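Colleague: Got a minute to walk me through this one? I'd like the fold first, then a few odd spots.

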Amino acid sequence: MLLPQQGITTSDGVETGVRRFVEASGVPALLYIKHDGFIEPENVQRLADEKVIAGIKYATVRPDPAKDEYLRRLAVRVDRRLIISGIGEQPAIVHLRDFGLGGFTSGCVCVAPRLSRAMLEAIRKRDWERAERIRQVFQAAGRFAKRDQSDSGVA
């Protein structure tokens, strides 16, 4: 997995760097997109079309995951099955249902593996209501954990 840099790269430079890495290593890379300006969808399309990358972990956090112009542009240019929602459960339903992404990474699988698996199964069955109920459990747990940390003086 190639981790993103911020502020010291250009989109063309990232594309060139990914190519050089893959040429040297002999294996396709997993491209990690975590913020705008790292690499443009046009550059990603070239890498995907030429099989330089095996997949994309998309982890750009938005206030509303449904309003993501970059992801819309990317999903039009690249096979959506290559793009994985990489931010955990919160945007996973929107990313898989509305953008057609190929999967998601779980942020909660270590603490609630059965619940995380249940959410994955609901999404696979396109049972969006059940998936949303499970997502809300994770969301409530996240708010509780943040409150608990602030109450204990842990930042």
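Modeller: Sure. One term before we count anything: helices and strands here are DSSP runs, numbered from the N terminus, with at least four residues for a helix and at least two for a strand. And keep in mind that this is a predicted model.

Colleague: Fine. So how many helices and strands does the chain have?

Modeller: Six helices and four strands. Reading from the N terminus, the elements go α-β-α-β-α-β-α-β-α-α.

Colleague: And what does the C-alpha trace span along its principal axes?

Modeller: About 45 × 40 × 30 Å. The chain has 155 residues, and 40% of them count as buried.

Colleague: How much surface does the chain expose?

Modeller: About 9,200 Å², with carbon and sulfur atoms supplying 52% of that.

Colleague: What about charges, how many positive and negative side chains?

Modeller: There are 25 positive and 20 negative ones, and the centres of the two sets sit 5 Å apart.

Colleague: OK, on to the sheet. What's the strand order?

Modeller: β1-β2-β3-β4, an open sheet of four strands with parallel pairing. β1 and β4 (103-104) are at the edges with a single partner strand each, so one side of each has no neighbour in the sheet.

Colleague: Let's go pair by pair. How many bridges join β1 to β2?

Modeller: Five, linking β1, which covers residues 29-33, to β2 at residues 53-58, and the two run parallel. If you want a landmark, leucine 31 has isoleucine 56 in β2 as its bridge partner.

Colleague: What does the chain do between those two strands?

Modeller: Helix α2, residues 41-49, comes in there: β1, α2 and β2 make a right-handed β-α-β unit.

Colleague: And are β1 and β2 mostly covered or open?

Modeller: Mostly covered. In β1, four of the five residues are buried, and in β2 five of the six are.

Colleague: Next pair, β2 and β3. How many bridges there?

Modeller: Three, again in the parallel sense. Tyrosine 58 stands opposite serine 85 in β3. The chain gets from β2 to β3 through α3, and that β-α-β crossover is right-handed.

Colleague: Which leaves β3 and β4.

Modeller: Two bridges join β3, residues 83-85, to β4, and those strands run parallel as well. The landmark here is isoleucine 84, whose bridge partner in β4 is glycine 103.

Colleague: Remind me, how do side chains point along a strand?

Modeller: In a regular strand they alternate between the two faces of the sheet.

Colleague: Switching topic: backbone oddities. What's up with the phi of lysine 51?

Modeller: Lysine 51 has a positive phi of about 60°, although it isn't a glycine. The residue lies in the loop between α2 and β2.

Colleague: Is lysine 51 buried or exposed?

Modeller: Exposed, because its relative accessible area is 64% and the cut-off for exposed is over 50%.

Colleague: Which other residue should I look at for phi?

Modeller: Try arginine 126, a residue other than glycine with a positive phi near 60°. You'll find arginine 126 in the loop between α5 (113-124) and α6 (128-151). At 58% relative accessibility, arginine 126 counts as exposed.

Colleague: Now aspartate 64. Where is it?

Modeller: In the loop between β2 and α3, with α3 covering 69-77. Aspartate 64 has a relative accessible area of 31%, so it's partly exposed.

Colleague: How far is aspartate 64 from serine 11?

Modeller: Their C-alpha atoms are separated by 25 Å, and the two residues are 53 apart along the chain.

Colleague: Last residue: where does leucine 120 lie?

Modeller: In helix α5. Leucine 120 has 22% relative accessibility, so it counts as partly exposed; buried would need under 20%.

Colleague: And how far apart in space are leucine 120 and isoleucine 93?

Modeller: 9.4 Å, C-alpha to C-alpha, with their positions 27 residues apart in sequence numbering.

Colleague: That makes me curious about the whole chain. What share of contacts join residues at least 24 apart?

Modeller: 59%, taken among contacts between residues at least 6 apart in sequence.

Key
Residues numbered from 1 in each chain as written. Predicted model: local features only at pLDDT ≥ 70, side-chain atom pairs only at ≥ 80, totals over all residues. Heavy atoms only, no water. Buried < 20%, exposed > 50% of the residue type's maximum accessible area, 1.4 Å probe, protein only. Pairing = 2+ DSSP bridges. Right-handed = clockwise from strand over helix to strand, strands pointing away. Contact = heavy atoms within 4.5 Å. Areas by Shrake-Rupley, 256 points an atom, 1.4 Å probe, with all protein chains shown as cover. Lys, Arg positive; Asp, Glu negative; His and termini not counted. Charge placed at Lys NZ, Arg CZ, Asp CG, Glu CD.
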